[in-house]
Amino acid sequence: MFRLFISGRATRVLTSSSTRNRMSSKSRSKRKPDQFDFVDKGANDSDSSESEESVYSGLEEEPDTSEEDQEQSSDQSDNDSSDNDDDDDDVTLDDKSGLELSTEQRKELSTASDDELNEINDQRYTGNVKSQNRKQRKQITVKTADRPDEYDYDSSDEEDIRNTVGNIPLEWYREYPHIGYDIEGNRLLKPEKGDQLDEFLNKMDNPNYWRTVTNKMTGQNVVLSKEDLGLIQNLQSSKHPDSMAENYQPWIDFFTHEKMIHPVTNHPQHKRSFIPSKWEKLKVGQMVHALKMGWMKPTKAKTEEEEEENFYMLWKEDEESEITRRYRAHLPAPKMPLPSHAESYNPPPEYLLTKEEEEKWQNMEPEERRMNFLPQKYSSLRLVPAYKRFINERFERCLDLYLCPRKPKIRMNINPEDLIPKLPKPRDLQPFPTAQAIVYRGHSDIVRTISVDPTGQWLVSGSDDGSVRFWEVSTGRCMKSITMETGSLGNMCIRSVAWNPHPDVSLVAIAMGQTVILVNPGLGDKMVTNNTDNVLHSFSPTEEESMGKKVYADWSSIDTSDKRFENGFRLLLQHPKEVSQVTWHGRGDYFASVMPKGDSMSVLIHQLSRRRSQNPFNKSKGMVQCVLFHPVRPFLFVATQRYVRVYNLLKQELSKKLMTNCKWVSSMAVHSGGDNIIIGSYDCRLSWFDLDVSTKPYQTLRHHKRAVRAVNYHRKYPLFASASDDGTVIVCHGMVYNDLLKNPLIVPVKILKGHAISHDLGVLDCVFHPSQPWVFSCGADTTIRLFT
Amino acid sequence: MGRERRKKYEKGEATAFMSRNQAINKLQLTLADFRRLCILKGIYPHEPKHKKRVNKGSTVHKTYYLVKDINFLAHEPIINKFREFKHFVRRLKKAINKRNKDAEQRIRNNKPKYKLDHIVRERYPSFQDALGDLDDCLSMCFLFGTMPQGARVHMEYINHARKLTVEFMHYIIASKSLRKVFISIKGIYFQAEVMGQQLTWVVPHGLGYQHPDDVDYRVMQTFVEFYTTLLGFINFKLYHSINLHYPPKLELDAATPVDENEENMTEKERYQERLSALSQTLRSLDEGGGEEEVQLDEFPAVETDDPDRVEKAKVEAEKIKKLQNLFKGLKFFLNREVPRETLVFIIRSFGGDVSWHKSVAVGATYPESDESITHQIVDRPQTKNQYLSRYYVQPQWVFDCVNNTSLLPMESYFPGATLPPHLSPFVEEAEGDYVPPERQALINRQLGLQEDSGVEEDEEGSEDEEEDEEEEEEEESEEEEEEPEKGRGKRKRKHETEAATADQAKKLNMSVEAGAPENFNVEQKLQRQTMEERRLAEMMIPKKKKRLYDKIMFAKKKKNQETRKLKEKREAIETQKKSESKKKKKKQ
């Protein structure tokens with residue numbers, strides 16, 4: 001923005017010149033009267049429509065000044081044009097000085113102009129547009145319009161009543177009679193202002209009241225002309241302020257595409273535009289060479305035959321041998337299974353699924369289903385729809401073919417009968433017990449243990465009810481019953497009974513609590529029983545022997561006067577711990593007792609003839625389950641939880657240790673030959689050991705479903721039996737051959753059932769008859785049974 | 001002492017296998033390319049015996065390929081083609097994005113192509129190998145051949161597959177090697193015997209196609225790409241084996257007049273259409289030579305040392321010959337509602353003549369009004385304008401005839417009749433399997449064909465009677481069935497017991513009534529005894545075999561259960577039917 005400072009005369013001149021500028025762009029001839037005829041507005045309407053300068057018609061000269069300020073602030077081009085247009089002498093004279101002055105009082109002027117324009121703000125901004133328009137118009141109209149005398153209207157004696165207070169709020173002058181100062185320093189008095197009533201009257205009477213505005217700088221009332229109003233309206237409706245200005249002037253196209261007379265550029269053509277390209281020449285040369293050499297061939301139009309695949313005889317008969325087979329055995333993918341009846345579109349009715357089956361099929365995972373489709377029945381072929389999963393199944397097959405790992409699998413066609421070992425028929429292995437013959441009833445609690453007398457005539461049984469009963473085998477009669485007195489013993493369970501194997505001695509060892517009682521039952525041959533009593537009676541302890549030796553068990557004989565003597569009690573052996581088992585040596589002089597909790601004293605060997613006890617071991621090797629004497633040789637088998645140790649009693653050493661491979665040994669039996677033993681265990685197994693061959697089981701039998709409680713060999717027949725908690729006694733044929741090269745033959749021959757299971761206990765003990773192929777069993781159902 | 005310690009996993013299984021990622025890294029391919037290569041080359045993963053050892057101690061699940069396989073793949077020339085193709089795609093994209101039409105066209109014209117001939121040759125060194133692996137190939141080609149046009153699959157694959165399958169069907173017709181057909185709910189199964197190999201394929205029911213979303217069509221396309229190549233070569237070989245022109249040539253080429261339907265087609269299309277009509281025979285290489293009857297040579301008994309076998313083979317050949325000419329001399333006409341292609345294929349494979357209305361498809365040879373037509377295949381309950389000179393039957397009759405190798409009586413296949421169940425010819429009943437009564441009846445008839453055939457011809461009368469008779473028959477058959485069922489199990493025991501009960505039998509002769517229960521008792525006892533013996537014997541099975549034995553027995557038990565279930569179901573249905581028919585009769 002270029003501003004001129006105007007002071008005194010120079011200012012006035014400049015002002016007039018600038019106004020003149022604008023005048024020149026319009027009809028200037030009419031300018032003069034318009035400028036001074038402020039009152040008679042209506043008459044000048046037509047004129048004033050052209051003159052923008054007559055904005056403040058109410059003022060004498062002021063509009064000029066204000067207008068001039070607007071112009072000055074508007075555009076430089078305007079000033080330029082004004083400069084150009086100024087060929088006036090005054091102006092030329094004063095131009096420079098005016099310009100010089102301008103820097104001094106610029107501020108003053110600018111403040112004034114700012115305040116002045118408060119009310120007609122809109123108008124000022126249009127200056128830019130106006131000036132541009134004016135320029136254009138000038139060009140067009142310059143020639144046409146008559147040029148009037150430019151200096152007609154120049155009035156150098158115009159009074160400038162410019163207010164010089166500057167850019168200050170005018171309230172400051174509210175109290176004063178004047179409104180500011182003119183350029184000379186004289187006060188500018190406020191015009192007369194009536195009271196509200198005057199105002200009102202004025203409002204009522206004056207038809208121009210609505211278009212009267214107050215110039216705040218001077219306090220004068222200004223009546224806006226029609227043009228002014230039009231201008232304001234145009235601005236408000238965001239139109240071109242000059243209603244007469246033409247927005248869409250005709251476009252004059254100087255360079256048309258239709259008619260191009262002159263070249264756009266006038267360069268001479270380059271040389272390379274008419275000389276053949278060297279690069280192309282090279283390229284062509286290369287191509288020609290390639291064509292000559294046959295490297296490049298012209299593209300052939302594709303024939304249809306070419307597009308199609310050509311097949312030929314890929315496999316020729318005689319070339320078969322030439323082909324090297326693939327380097328490895330190829331695993332062909334298994335073929336898809338062929339459809340069954342169920343897949344038919346019209347299957348037999350039984351293949352259709354019932355509702356429950358269908359529901360079950362729907363609820364199953366797709367992988368689990370045996371058929372991957374639901375059988376359907378259609379009454380005719382025309383009704384069969386496309387199978388929805390056809391593409392899916394094909395796709396899955398494709399995936400299987402290339403993603404599924406393959407593995408050679410040998411499909412065995414095994415007849416299950418071949419898996420069963422060829423063994424002789426049980427029928428050929430008779431005799432063995434087959435049916436239950438006698439049931440011995442009488443006990444009121446679990447019968448834990450039984451034993452048969454060496455003649456096979458009597459049977460003794462011990463029960464948890466604290467009684468020992470003697471039965472006649474052949475009749476099932478209870479010949480004698482001894483009820484143990486509880487007394488100080490507390491526990492009255494009979495843990496073990498064992499009949500002396502010697503045929504000339506009638507003695508039964510009974511283990512109950514911490515005592516082992518030797519009882520003469522007084523059954524059978526009187527001679528034998530009397531003899532036994534006599535032998536026992538004639539015993540005289542030898543003092544020396546017992547002296548200085550540790551006593552492991554306390555022997556006490558029972559007097560004939562004792563009431564217990566009547567019952568057959570002969571000797572009592574008081575043990576330090578509870579006795580779980582007693583077992584006799586084959587000759588009947590020695591017997592062993594087992595105290596599982598006895599630590600180093602867990603096995604004691606007692607000699608009947610000398611009435612003394614010895615402890616063969618001075619160290620415990622684990623909890624002893626049971627012990628057995630070898631039938632012919634001086635060996636002792638000691639079964640701990642997992643191992644069976646075989647001790648040579650003469651040499652006092654361990655001769656063998658058998659690995660049972662089971663968790664917990666329950667029972668043990670020795671074959672009459674002494675080279676084979678069987679071991680029953682609580683984990684349902686029965687192991688057969690051949691001592692000559694190995695310390696590991698020759699065969700392990702898992703016949704029983706529950707713990708094996710007792711095992712037993714027959715003394716004469718090749719039979720052994722195992723009793724288990726599942727309530728069965730399984731009798732097996734176990735033939736041991738004299739030929740050492742021949743392995744024992746084991747054939748299960750009979751499953752004997754009869755015992756009921758109570759308290760999770762089934763059969764607790766089983767014993768063979770010494771001479772007959774009979775087996776006795778006792779169980780938790782308080783009965784003893786004989787199977788023959 | 002001085003021996004160096006061997007490092008683990010440096011030999012043996014650990015070096016024989018390679019995980020998939022290792023393989024991809026080695027071949028420098030993308031996973032997609034690797035898969036394509038595996039499909040084309042027929043390379044599949046292997047399951048190592050000891051996964052942990054192969055995976056160097058880790059138990060992470062991986063897919064393993066044989067190192068040898070991968071090395072074999074590394075030399076495949078197609079890998080280079082894959083790379084070229086990648087390059088091609090990149091260039092093409094560039095040209096398209098630059099809108100360089102010329103370059104685009106040029107690049108498209110130079111699209112790298114690869115051939116799979118050598119792979120076919122490599123994978124199937126002999127023709128028999130190729131035939132043996134043809135089942136999947138045929139099924140896939142038939143599937144693609146019937147697919148509708150769509151964005152999912154390239155048209156060229158579909159057309160190619162279609163062309164090859166038509167050629168293959170022509171071969172089957174010309175060589176008369178179709179053996180079994182079966183309409184399943186999934187599709188129609190065909191089994192043919194080509195050069196001693198059984199080929200089985202399935203053709204989908206071609207209506208109402210739905211493209212599933214969870215199928216990767218690119219994988220299928222790769223398969224089809226290979227399979228079409230394979231099938232092309234096989235067709236070539238097969239055509240030449242029976243002296244036919246390979247791009248098949250129809251017997252009557254230009255002579256046939258142009259149909260109305262064909263007017264809009266090009267020459268090639270028209271030819272293809274005629275070919276796929278399957279109604280014309282193909283031209284042979286040696287004109288008019290004809291097929292020579294091959295007489296089965298009778299080998300001297302010394303060589304084969306089994307005269308029965310020769311006899312059997314002869315009978316078999318006779319049977320096949322009979323089957324091949326099953327429909328010879330019969331003229332069929334197909335109504336428009338029956339699946340034309342399938343039936344034409346079947347009827348022509350067994351020597352019949354067939355035609356259809358000419359508006360249905362190209363290639364009809366005679367019109368419906370032809371008086372010499374013997375059978376018209378109809379799949380609607382009623383038809384107007386019936387000709388008296390011909391039988392009207394449902395399409396299932398054709399299928400059942402083929403599976404029974406004889407022309408069945410048509411009564412139960414008349415239009416509108418309730419069809420007898422359609423049984424699968426692929427089921428071979430083992431002992432203990434469930435045999436549906438209908439099947440059993442068929443087997444019986446085949447065994448004693450002469451006696452029954454006369455009876456059946458006489459069997460014509462009111463439907464009720466027929467039904468009753470059928471029922472009776474079924475009952476009988478059931479009884480027969482039951483007897484052997486029981487007998488099989490008990491026969492052994494019977495033999496065993498015979499000796500034992502000989503004495504008792506003598507006694508029984510004296511008074512029959514008193515003997516019966518005793519006898520029963522003894523039998524039961526014996527049975528119990530044998531059961532126990534078996535149980536005891538089972539106890540002695542060593543642990544190692546025990547598991548296997550248990551498995552076998554479990555499977556057997558399961559199978560028996562199923563058989564029993566089906567039997568019971570059938571019985572229930574029969575009794576229900578009977579009671580219903582009785583009620584009806586009473587009402588009447």
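This report walks through some features of a predicted model, starting with chain B as a whole and then visiting a few helices and residues.

## Chain B at a glance

Let's begin with the overall picture. Chain B contains 23 helices and nine strands. It has 588 residues, and 42% of them count as buried. Its accessible surface comes to about 34,700 Å², and carbon and sulfur atoms account for 50% of that area.

How much of the contact network links residues far apart in the sequence? Among the contacts in chain B with a separation of 6 or more, 62% are between residues 24 or more positions apart.

## A tyrosine with many partners

Now zoom in on Y114(B), which sits in the loop between α7 (101-109) and α8 (117-123) of chain B. Is this residue buried or exposed? The answer lies in between: Y114(B) is partly exposed, because its relative accessible area is 21% and the buried class ends at 20%.

Leaving out residues up to four places away in sequence, Y114(B) touches R36(B), L40(B), I78(B), K81(B), F82(B) and E225(B). Take I78(B) as an example: it is 36 residues from Y114(B) in sequence, yet their C-alpha atoms are 6.9 Å apart in space. Two of the partners also make polar contacts with the side chain of Y114(B). The side chain of R36(B) does so at 2.7 Å, and the side chain of E225(B) at 2.6 Å.

## A helix of chain A covered by chain B

Helix α15 of chain A runs over residues 390-403. Its 14 residues reach 20 Å from the first C-alpha to the last, close to the 20 Å expected at 1.5 Å a residue. Ten of these 14 residues are buried, so α15(A) is largely enclosed by the rest of the structure. The buried ones include F390(A), F395(A), C398(A), L401(A) and Y402(A), and also residues such as E393(A), R394(A) and R397(A).

What covers the buried residues of α15(A)? The cover includes parts of chain B, namely α3 (31-41), β2 (64-66), α10 (134-146), β5 (197-204) and α12 (217-241).

## Helix α12 of chain A and a nonpolar patch

Chain A has its own helix α12, made of residues 278-293. At 1.5 Å a residue, its 16 residues should span 22 Å, and the end C-alpha atoms are indeed 22 Å apart. The N-terminal end of α12(A) is capped by S277(A), which has a side-chain oxygen 3.2 Å from the backbone nitrogen of W279(A). After the helix comes G294(A), with a positive phi near 80°.

L291(A) belongs to this helix. Its relative accessibility is 43%, so L291(A) counts as partly exposed. On the surface, L291(A) joins M287(A), M293(A), W295(A) and M296(A) in a nonpolar patch, and together they have about 530 Å² of accessible area.

## A buried glutamine in a strand

Our last stop is Q607(A), found in strand β17 (residues 603-607) of chain A. With a relative accessible area of 6%, Q607(A) is buried. Its side chain makes a polar contact of 3.4 Å with the side chain of S609(A).

Which residues does Q607(A) contact beyond its neighbours within four places in sequence? They are W555(A), D589(A), Y590(A) and R612(A).

Methods:
Residues are numbered from 1 along each chain as its sequence is written. Chains are lettered from A and ligands numbered from 1 in the order in which they are written. This is a predicted model: local features need pLDDT of at least 70, side-chain atom pairs count only at pLDDT 80 or more; totals for chains, interfaces and linings use all residues. Side-chain values use heavy atoms; hydrogens and water are left out. Helices (H or I, at least four residues) and strands (E, at least two) are DSSP runs, numbered from the N terminus. Buried means under 20% relative accessible area, exposed over 50%, partly exposed in between (1.4 Å probe, protein chains only). Contact means heavy atoms within 4.5 Å. Accessible areas come from the Shrake-Rupley method with a 1.4 Å probe; for residues, only the protein chains shown count as cover. Patches are made of residues with over 30% relative accessible area and no salt bridge: like charges are joined within 9 Å, nonpolar side chains (Val, Leu, Ile, Met, Phe, Trp, Tyr) within 5 Å. A salt bridge is a side-chain nitrogen of Lys or Arg within 4 Å of a carboxyl oxygen of Asp or Glu. The expected span of a helix is 1.5 Å times one less than its number of residues. A polar contact is a pair of N or O atoms within 3.5 Å; within protein, one must be able to donate a hydrogen and the other to accept it, and residues adjacent in sequence count only if both atoms are side-chain atoms.
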